[in-house]
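Trainee: Got a minute? I'd like to go through this model with you.
Mentor: Sure, put it up and ask away.

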4 protein chains.
Amino acid sequence: MTAQRLKIGCAGLGRMGKRHALNFLERTPRAELVAASTPDDTEIEWAKVHLAPYGVKLYKNYDDMLKHEGLEAVVVASATAVHAEQAIKAINAEKHVLCEKPLSTSVEISQSVLDAANAKPHLKVMCGFSRRFDASYRDAYNKMSSGALGAPSVIRSQTCDKLDPTGFFVAYAEFSGGIFVDCSIHDIDLSLWFFGQDSKVRSVSAVGITAVEPDLRKHNDRDNAVGLVEFYDGKMAYFYASRMMAAGQEDTSEFIGTKGKVTVNAQPQLNLVQTFDAGGIKKEIPQHYYDRFEYAFVTEANEFTASVLENTAVPLKLDGAVQAVRIGAALQESLITGEKIFFDESGNRVSKANL
Amino acid sequence: MTAQRLKIGCAGLGRMGKRHALNFLERTPRAELVAASTPDDTEIEWAKVHLAPYGVKLYKNYDDMLKHEGLEAVVVASATAVHAEQAIKAINAEKHVLCEKPLSTSVEISQSVLDAANAKPHLKVMCGFSRRFDASYRDAYNKMSSGALGAPSVIRSQTCDKLDPTGFFVAYAEFSGGIFVDCSIHDIDLSLWFFGQDSKVRSVSAVGITAVEPDLRKHNDRDNAVGLVEFYDGKMAYFYASRMMAAGQEDTSEFIGTKGKVTVNAQPQLNLVQTFDAGGIKKEIPQHYYDRFEYAFVTEANEFTASVLENTAVPLKLDGAVQAVRIGAALQESLITGEKIFFDESGNRVSKANL
Amino acid sequence: MTAQRLKIGCAGLGRMGKRHALNFLERTPRAELVAASTPDDTEIEWAKVHLAPYGVKLYKNYDDMLKHEGLEAVVVASATAVHAEQAIKAINAEKHVLCEKPLSTSVEISQSVLDAANAKPHLKVMCGFSRRFDASYRDAYNKMSSGALGAPSVIRSQTCDKLDPTGFFVAYAEFSGGIFVDCSIHDIDLSLWFFGQDSKVRSVSAVGITAVEPDLRKHNDRDNAVGLVEFYDGKMAYFYASRMMAAGQEDTSEFIGTKGKVTVNAQPQLNLVQTFDAGGIKKEIPQHYYDRFEYAFVTEANEFTASVLENTAVPLKLDGAVQAVRIGAALQESLITGEKIFFDESGNRVSKANL
Amino acid sequence: MTAQRLKIGCAGLGRMGKRHALNFLERTPRAELVAASTPDDTEIEWAKVHLAPYGVKLYKNYDDMLKHEGLEAVVVASATAVHAEQAIKAINAEKHVLCEKPLSTSVEISQSVLDAANAKPHLKVMCGFSRRFDASYRDAYNKMSSGALGAPSVIRSQTCDKLDPTGFFVAYAEFSGGIFVDCSIHDIDLSLWFFGQDSKVRSVSAVGITAVEPDLRKHNDRDNAVGLVEFYDGKMAYFYASRMMAAGQEDTSEFIGTKGKVTVNAQPQLNLVQTFDAGGIKKEIPQHYYDRFEYAFVTEANEFTASVLENTAVPLKLDGAVQAVRIGAALQESLITGEKIFFDESGNRVSKANL
């Protein structure tokens, strides 16, 4: 008797691609990383050292990898610009898909991935919102779901990155879809999770500044932004995204119910150490999102694998990923135009007068 | 040789009036509470026990108290509706004035107090924004002012009350000016303090819900509200106000600079006790704002007294109190209409098109 | 009708004397500081500015102050060496007494104060263990007393001072009675409070080092010491005292019951501020014990005053103060000799063999 | 090219054995779990489901497993009573060994493992003190080693288990070696790590109680114990061990240097969640040591594997494990006899008079 393992390939070996590849190789016992693809020579060299010795076949061409003998699933961890295209190709090639967020910065293209998936209901297609797999967010969700804290009514959530003084994120902003689509998408997804996937948006408004990187304006982006989302069922969420945190990554969420609230990461920390010196008491915090969410990604890989092997529903529905892009894109538009945007209950944009 | 003490009278002996009276009686060594006034018989009875035995003369009529022999100053701690009238009468009677916030729920009436004060520059007239006297906010201000944390750019601040299941605040809402004028006024004042008193508002927008008290809608109010204020100099502030906190009072502020941030009360607590039991680790938090800010009120009384006796500037300028009402009232209007409101650099309301 | 106030005098105007004098002058509404005494000219000069203008009569001689017309009570806040003598003189002169801790560094002399007090049961005589008046310790005591946390069984408590690089405490050690009598006396008193005033000691043992001030050895003292106290009723307490904390004052206590525990000051803090910068998150802590316990001293003054005026029992019994010195002195002896010391149930020292 | 992997077998499949087996199977990429042994039928059944399908050969007899073709290393995770015997057999069979702590409850038997290992210096033999592999303890060690906090002088450390109301640990105490050998052994090891492996003990003393399980006395054990260890170089450590924590596992350490201190787990927590309800703010804490140290065990498995494959020194020296048992056994003796125990600088027990 030998245990069955899911044969999976990894598309893209950039920063996140490397992590996904290693997670499926080393920390997902029920999966077998059999292939990886990247057009980038440097990434191929890395893979020759870290993947190939363990039996992973390397491809420079994604389409070739899709034809790998026995391949059952693909994790799409390439640049955002090709997420949708690669996901759709995999679906059409009868592969299960775990796709990095966002599906696309475009609502329409995101929808096309959903359409492709809906046409193949026997395939598992999931967008990887990592916080859904984080032990703390899950604990918070369970506490809120128990009803003991009343009806969830107000959500505050932020995705705040450590300041990167190299200005990398200015160039990055050209293709990121903007701070609300790139960062707040996680917070938006949390709102849909806690408020219910079918929550309907009534209005969005946003304001932002460029406190440290004025050049972001040429890509219609900001380095600090606050967005406000009003839902039709008497709920609301507000989001803060920033690229200029001094201490490190500060992803904090607050879920406020009518009888209590639950917070996640209200006090960020790297580990359990505190230092006492003449300045007082200090603790360090995670520097990057992967420091914070490393084990969530491992859980994500394991649960996606289990859902395929056991033919159970994936942990989060794909249509939510499209809805998150829709809200993020509207916030980004409001951020740039300064206009508040209204929607009717069918999700159509309307003027305030016609609401 | 005998030390000089400021002869002061207290107008109003309701919840806050009692506290101000006792603070001036017992915890303000350089002041002497010589008089108190209230039209309310129950309050007079209380005062006969707690004030009169210590030499405080009681008046049922405010105007009579103003004529008390030797009276030098008045603390106006009556209902908000008469703050302005009593303050102006005191000013006209040549008394120094410490007035509870807000001056009025009306911008125009607030301005009339400022005008009266400006006409008597030899008098000390101060609006009591208690957080300005809180040791933690002052420490935060000093840290931000040192420049070590860069330029203050984003402020998050909230005034969140414990849920009062009696529904008291529904009736209260009829005269409070609404949640932004009543609660967020403190957060607005903090923004003006940390960003600079001359900061000019570019836009305000707000959203709110009635999660626990739908009846608030008949007074054009909400029990949870989020407001967003954009300033002309590339700064922004966002505020949350709530009437439904389960654990107690949660007044938290976050001042974010380009090189670091400082928080006040990010982890509320009643005292230094933690209880470990089968549920984990617990700590209690203050139940009401006075539990949190008691010593700030004592400091306020002492510093107002010192500024009169030493003829120095009061710790906060009166025009800021008018500006705070202006911003609060605009947020409240946006909360109700759902419209975003824009201002030009002179403070005039303009349409978005004319910005 | 005029409220009755307690006429009190303050003996000693050194560091603590000044604080007690001002607390009775300004923050104890039911008391009237009528006199103060000190043989020190510098202190007299200070008093001429801070006390005399408010009607406080100054004496260079303690005995003279005792004869002050109408004097009803004395707060003894002079050097430890004269605490007992001044307390006894006051008792004999029919004054109520609030005496700073310890009564004496000698068990016998401490006992003589108790004897004098017992001879005048109509007088209120109290030793000022400040933590008994601290809101957090009281909350902890109430929580433990409720029974919800089971039977208190183990206590950990520490009194740890910020390192004073001037070496002041080396000279101070000559008369302090040693680190267990000077510092841990508070922790010992807490043990007697939480375990019950009649708890009987079975053994004490202690170990210490001189990590920063080897010269302390010439006064038979150490700069860091740990003491272990075993009680006859299946309870134990362990104490840590230090003179070399880098961050500030760290007085932490842990009360462990069979069903739960309660801690006081497990996370020291100066105020509610946290600073986020490139080093992480920082908070400052109190630098000295008065920063930590200021309001406890105010409460102490007020409650002592009330117990005299209302002729009620003082909040803590005087014999506990003698017992605390007894335990502290035994720990100090064990610290120096390295021997463990045993007591029989009557409190007599016995050899291990005779236990 | 195929990556080399260490072929390892797991001895014992009880609570910790299962964890070690799964860690080497699933979370140690450079190791291959090829065999496991247990005489227990229930454990064999478990292994048929969880190990065998992945190619792990099962043995009922440890000696048979040692003959497994190609076996290179053994993780000894059986009952403490057979740790030493199995470790020595493995060494004699030329296998590398990772042995669970303690090597034995007997100093002499522990020494025999060390002797066997010393006779085969080409083998890697390591005792698994899990905290050495915990990210927080390592961070604390690095901070202390940097010198910025001065010379480490005082250590406080505790191993406190959640109360197990089944009384399991009473039976367990018969073979555990007692609370200091079973629990505090970790804290002792930390002291040797932070103070230096060659630190020499001058005295030990201990006191304990049975607050919840009086039956422990028949096995010469206690449910709460405090131990004090004095070292020859002016350092000291004090330890608290308990079996009655209500909230969960509380393993806290404090490393105090002459210029600062560093703490590990001063505020225990299960995750990053806080719940706010009418009782205040709550957080849960880990229930058992594996909840707290799970990833330390994974790191341990990976680092042991790497040290064998790369022929580098194991992360902690084996003689320290013997020294830790020596100190733990002395503390346990002092706990029971009530006598303080002294050692000369060569480690011989001497009377106080001959010190």
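**A proline and an interface**

Mentor: Let's start with B:Pro286, which is buried, at a relative accessible area of 6%. Keep in mind that this is a predicted model.

Trainee: Okay, and where does B:Pro286 sit in chain B?
Mentor: In the loop that runs between strand S14 (280-283) and helix H10 (289-309) of chain B.

Trainee: What is B:Pro286 in contact with, leaving aside neighbours within four places in sequence?
Mentor: B:Ala247, B:Gly248, B:Gln249, B:Gln269, B:Leu270, B:Asp291 and B:Arg292. B:Ala247 is 39 residues away along the chain, with 8.2 Å between its C-alpha atom and that of B:Pro286.

Trainee: Switching topic: how many residues does each chain bring to the contact between chain B and chain A?
Mentor: Chain B brings 42 residues and chain A brings 42 residues. About 3,200 Å² is buried between the two chains, and carbon and sulfur atoms give 68% of that.

Trainee: Which three residues supply most on the chain B side?
Mentor: B:Val207, B:Met236 and B:Tyr238, with 18% of the area that chain B buries against chain A.

Trainee: And how many salt bridges go across?
Mentor: Two between chain B and chain A. B:Lys261 forms one with A:Glu250, where the closest N and O atoms are 2.5 Å apart. There are also six residue pairs in polar contact between the chains.

Trainee: Which strand gives the largest share of the side of chain B that touches chain A?
Mentor: S8(B), with six residues. By type, that side of chain B divides into 19 nonpolar, 13 polar and 10 charged residues.

Notes
Residues numbered from 1 in each chain as written. Chains lettered and ligands numbered in written order. Predicted model: local features only at pLDDT ≥ 70, side-chain atom pairs only at ≥ 80, totals over all residues. Heavy atoms only, no water. Helix = DSSP H or I, 4+ residues; strand = E, 2+ residues; numbered from the N terminus. Buried < 20%, exposed > 50% of the residue type's maximum accessible area, 1.4 Å probe, protein only. Contact = heavy atoms within 4.5 Å. Buried area = accessible area lost by both parts, 1.4 Å probe. Salt bridge = Lys/Arg side-chain N within 4 Å of Asp/Glu carboxyl O. Polar contact = N/O pair within 3.5 Å; in protein donor to acceptor, adjacent residues only side chain to side chain. Nonpolar A, V, L, I, M, F, W, Y, C, P; charged D, E, K, R; others polar.
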